[in-house]
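Biologist: I have a model open here and would like to go through its charged side chains and its cysteines with you. Could you take my questions one by one?

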Amino acid sequence: MSSLRNILKPLMPILAAVYGLMVIYMTALPMADGNEALGRQVLTWLLTLIAIALTYILVHRVEPKVFPVAKQFSLRFPKPAIALGVLLLAPLWCVAEGYVVYGLTSLIHTVHLEPISYTPEELHEDLLASIHAVLLAPVLEELCYRQLPISPFQRRRTQVIVCLVMALLFGIVHVRNFLGASLAAMLYGLVFIWTRNIWYAVILHAGHNLTATLLAVYCMLDLGQIRMSKMPVIILSDAKIVVAAVVLAIVGLIILQRESRDIMRKNETKI
C-alpha cells in the first residue's frame, strides 16, 4: 500500500482534474447540442446526482484507505447557523470578483461592457439552469477539484500549491471565464484548507452562483442596471447591489462571530 501511495500521491492533482473533467462532461452530455428542454435538464440533474454519489464514496471511503491523512478533512455538514453565515458572505464575493476580473483584464486590453437585459423566456431558461448551478454543480466540483486532490497532502504549503494548480485547471475547464473561475477556485481551495471542511467551500460556491441568478432576476424586474462582458465573462453590479452585498456580509460575519463564541464557551465548559 505504501508503494502505491507514493506513486499516486504526486499524481493526485492531475488524476483529480481528469476525473473532474470526465464527470462534468458526462453530466453535460444531455444538453451538448444546445437543447435545454426540461427533460434534458432533469436528465442532467440525475446524472449529476449519480456523479456526486460516486465521488462522495470515492473521497469518503476509498481515498482515506489509500491516504489515511485525508481524514484530517471533515465531510460533516456545519451547523445551519454557520452555513447561513457563510452563505451571506457569498454575494460580496460575487460582486468583488466582477470588479477584480474587470480591473485585471483592463490592464491588458479594453473591456466592452453592455447592460444586461432579459426576456421572460430567457429568465425562465436561466432559472432552470440555476437549479443545477446552485444545488448540484458546486458539490460535484468542490469534491473533484478541492477535496480529492488536496486532502492526501499533510503540509499546509503543499496543500496551497496543489490548490493553486487545481485553480488554474478549474479555470481552463470554464474557458471564457478562465480568470474569474481561477480566482474563485483559489478562494474556495483556501477556505477548504483553512476550515478543514469541504462544505464551507461548497456553500460559498453555491452562494456565488445563487447571487448570479438573483442578479438576472434583478435585471428582469428592471430594478437596476448590471453591465456584462461575455469574453471574458465579467459582471459589474450597480451601487445598490454592492451596498446590499456589504450589508449581507456584515450580517454573516456577526452570525459567524456569535457561533464561534458559543463554540468556545462550550469547549470551556467541557474543560
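Biologist: Is Arg146 buried or exposed?
Modeller: Bearing in mind that this is a predicted model, Arg146 is buried, with a relative accessible area of 1%.

Biologist: Which side chain does Arg146 meet in a salt bridge?
Modeller: Arg146 meets the side chain of Glu142, at 2.7 Å from N to O, and Glu142 is itself buried, with a relative accessible area of 0%. Both residues lie in helix H6 (residues 120-150), where they are four residues apart, about one turn of the helix.

Biologist: How many salt bridges does the structure hold?
Modeller: The structure holds two, and Glu259 with Lys79 forms a salt bridge too, with the closest N and O atoms 2.8 Å apart. That pair links distant parts of the chain, 180 residues apart, since Glu259 is in helix H10 (residues 239-270) and Lys79 is in the loop between H3 and helix H4 (80-87). Glu259 counts as buried at 13% relative accessibility, whereas Lys79, at 37%, counts as partly exposed.

Biologist: Changing topic, how many disulfides does a search of the whole structure find?
Modeller: The search finds zero.

Biologist: Why is Cys163 not bonded to Cys144?
Modeller: The sulfur of Cys144 is the closest cysteine sulfur to that of Cys163, but at 15 Å it is too far for a bond. Cys219 is in no disulfide either, the nearest cysteine sulfur, that of Cys94, being 12 Å away.

Biologist: And which residues form the negative surface patch?
Modeller: The patch is formed by Glu36, Glu121, Glu122, Glu125 and Asp126. Of these, Glu36 sits in the loop between helix H2 (12-28) and helix H3 (38-66), and at 40% relative accessibility Glu36 counts as partly exposed.

Notes
Residues are numbered from 1 along each chain as its sequence is written. This is a predicted model: local features need pLDDT of at least 70, side-chain atom pairs count only at pLDDT 80 or more; totals for chains, interfaces and linings use all residues. Side-chain values use heavy atoms; hydrogens and water are left out. Patches are made of residues with over 30% relative accessible area and no salt bridge: like charges are joined within 9 Å, nonpolar side chains (Val, Leu, Ile, Met, Phe, Trp, Tyr) within 5 Å. Accessible areas come from the Shrake-Rupley method with a 1.4 Å probe; for residues, only the protein chains shown count as cover. A salt bridge is a side-chain nitrogen of Lys or Arg within 4 Å of a carboxyl oxygen of Asp or Glu. Lys and Arg count as positive and Asp and Glu as negative; His and the chain ends are not counted. The place of a charge is taken as NZ of Lys, CZ of Arg, CG of Asp or CD of Glu. Helices (H or I, at least four residues) and strands (E, at least two) are DSSP runs, numbered from the N terminus. Buried means under 20% relative accessible area, exposed over 50%, partly exposed in between (1.4 Å probe, protein chains only). A disulfide is a pair of cysteine sulfur atoms within 2.5 Å.
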